[in-house]
Amino acid sequence: MFTRSLTAGALALGLLATGCAGGTSIGANPNEGATGTGEVGGNVRMAWWGSGPRNEVTNAVIDLFKAAHPGTTVEGESADFQAYFERLNVQASSGNMPCITQMQGRQLNDYTTKNVLLDLQPMIDSGAIDVSDVPAEVLDTGRGLDGKLYMIPYGAAYDAMTVNRTLAEQAGVGLPPEGYDWNAFADWVTRAQPGLPEGVPAVNLGGSLPNNFISYAAGRGESLFADRQLGFSEDLLVEFWDMWERLRAAGVTTTAEATAEEPNQTEQRYVAQGRVLVDNLPGNALTPAQKTLDGTQPGQQLVTLPQPKGPAGPGNVLFTSGFSIPTTCDNIPTAAAFVDFWMNDDAGAKAFLSANGAVTNSRHLQQQLDDPDLPALKRAELDLYQRIVAQNPVSVVYPPGYHASFEGAFVRAYESVVFGGTSTRDAAHAFITEVNAALATT
């Protein structure tokens, strides 16, 4: 569903489902209503995804917390994204989740519906966790299907139209106009194509990218999900795919074959290599994408823009990461204290420096933007996030099984159009039927 204020692979989802056959919860909830107050001390486990630099800055915050709470220990566990959720689902099935568990909004309801996470609102009400500097529309991305708050979001990612400014200027079109919509976007790439170097399409073919459609639906005010089913109309999906098919027929996109062969790594996408004018990338990918472009096309510059808007408003949707506390945690006061520290400590925020999406604490965000030593590309990332939040973006509550049921099916359905000659109407009908059937069983 969309509200205004308000991946792991299929294997990982299967592990959790197996541990909770029939949708039943994993044991009782002995800590229901926990306020997070009490003595802070002893040991807690903390888990996050990431490696290398992410581990370094996470450990720096852990060290600051331990210094602020002598005698407290924090055992860290990290893994790359897919391995992290595979392991987490085994831990959830066995009642062994770390007291401080990093979570992401798109996976959140794979856990909330199994009764393995605590409602964190009582900890906010008691003052154990302070979220007063987190905008309401950002905080709401941590809610479950029942409206309860199961995750405190600390980092926010967003999609951004990533434009090669150098190529746009060479093509004589500049950047899309302020407040542009999808019609203006289509007109802009069409006008740009004749002025681009030979062999460089204006836009990466985007009909198979779920995030493009999520943006399209948000701007038109249609809900992505409703009552564990798809909430948008078949006509809307047909309209979206027809738009991309018109652009493909006009010769301003990459070919379907080239799109299928594009590297999965964000920093190796075609726009990062200078091989297309524009594509939708995560907003926090600007720095690594520009680094790639510096190596492949020295002198060219990338910029990021909000997603095209629609008749109902902005097209941007936030994708947040945050912390949850499991029902089996045996040291809730210390877990709550750590989450509160992470969310509010100035030195901790400076050490982490928005390493997993833009910092959601508005005070910390402004501190980072005011820092004259902040790298220019990081500043651009945070500045765009601040502009997006000011537009009151929609929040999406993802049902359990989203990754396993939605994203792969979306790609297959559009590929049936471009490779198999299926009509957009038939592909949309087949996609909606398949996903609704899958969501009904989660």
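The following exchange goes through a predicted model and asks what backs each label.

User: Why is Ala427 called buried?
Analyst: Its relative accessible area is 2%. Buried means under 20%. Ala427 therefore counts as buried.

User: Where does Ala427 sit, and which residues does Ala427 touch beyond four places away in sequence?
Analyst: Ala427 belongs to helix 19, residues 424-440. Its contacts beyond that sequence window are Trp241, Ala413, Ser416, Val417 and Thr422.

User: What separates Ala427 from Phe323?
Analyst: Along the chain, 104 residues. In space, 38 Å between the C-alpha atoms.

User: Why is Asp235 with Arg425 called a salt bridge?
Analyst: The closest N and O atoms are 2.8 Å apart. The cut-off is 4 Å, so the pair qualifies.

User: What makes this pair a tie between separate parts of the sequence?
Analyst: Asp235 lies in helix 10 (residues 234-249) and Arg425 in helix 19. The two parts are 190 residues apart in sequence, so the pair ties them together.

User: Are Asp235 and Arg425 buried or exposed?
Analyst: Neither label fits. Asp235 has 48% relative accessibility. Arg425 has 37%. Buried is under 20% and exposed is over 50%, so partly exposed is the term for what lies in between.

User: What makes Asp346 and Arg363 a salt bridge?
Analyst: Their side chains meet at 2.4 Å, N to O. The limit is 4 Å, so the pair counts. Asp346 is in helix 15 (residues 346-352) and Arg363 in helix 16 (residues 362-370), 17 residues apart.

User: Why are Asp346 and Arg363 called partly exposed?
Analyst: Asp346 has a relative accessible area of 35%. Arg363 stands at 32%. The class runs between 20% and 50%, so both values fall in it.

User: Which residues are linked in a network of salt bridges with Asp346?
Analyst: Asp133 and Arg363 are linked with Asp346 in that network.

User: How do you know that Glu381 and Lys378 form a salt bridge, and where do they lie?
Analyst: The closest N and O atoms are 3.2 Å apart. The cut-off is 4 Å, so the pair passes. Both residues lie in helix 17 (residues 376-390), 3 residues apart, about one turn of the helix. Both are buried.

User: How many salt bridges does the whole structure hold?
Analyst: The search finds 16.

User: How many salt bridges are counted between domain 1 and domain 2?
Analyst: The count is 2.

User: What are the domain bounds, and how do the domains meet?
Analyst: The assignment gives domain 1 as 42-157 + 318-390 and domain 2 as 159-316 + 396-440. Domain 1 puts 20 residues into the contact and domain 2 puts in 23. Their centres, taken over C-alpha atoms, are 29 Å apart. About 1,800 Å² is buried between them, with 58% from carbon and sulfur atoms.

User: Why is strand 2 called largely enclosed?
Analyst: Of its 8 residues, 42-49, 6 are buried, so the rest of the structure largely encloses it.

User: What makes strand 2 and strand 3 a pair?
Analyst: They share 8 bridges in the parallel sense. Pairing needs at least two, so the strands qualify. One bridge partner of strand 2 residue Ala47 is Glu77 in strand 3. The chain crosses from strand 2 through helix 2 (residues 53-68) to strand 3, and this β-α-β crossover is right-handed.

User: How do you know that strand 2 also pairs with strand 4?
Analyst: They run parallel, joined by 2 bridges. At least two are needed, so the count is enough. In strand 4, Ile100 is the bridge partner of Met46.

User: Why is helix 4 called largely enclosed?
Analyst: 8 of its 8 residues are buried, so the rest of the structure largely encloses it. Arg106, Asp110 and Tyr111 are among them.

User: What makes both faces of strand 9 covered?
Analyst: Leu302 and Thr304 are buried on one side, and Val303 and Leu305 on the other. In a regular strand the side chains alternate between the two faces of the sheet.

User: How do you know that strand 5 and strand 9 pair?
Analyst: 4 bridges join strand 5 (residues 152-164) to strand 9, running antiparallel. The minimum is two, so they pair. Asn164 has Leu302 as its bridge partner in strand 9.

Methods
Residues numbered from 1 in each chain as written. Predicted model: local features only at pLDDT ≥ 70, side-chain atom pairs only at ≥ 80, totals over all residues. Heavy atoms only, no water. Buried < 20%, exposed > 50% of the residue type's maximum accessible area, 1.4 Å probe, protein only. Contact = heavy atoms within 4.5 Å. Right-handed = clockwise from strand over helix to strand, strands pointing away. Domains from an automatic or database assignment. Buried area = accessible area lost by both parts, 1.4 Å probe.
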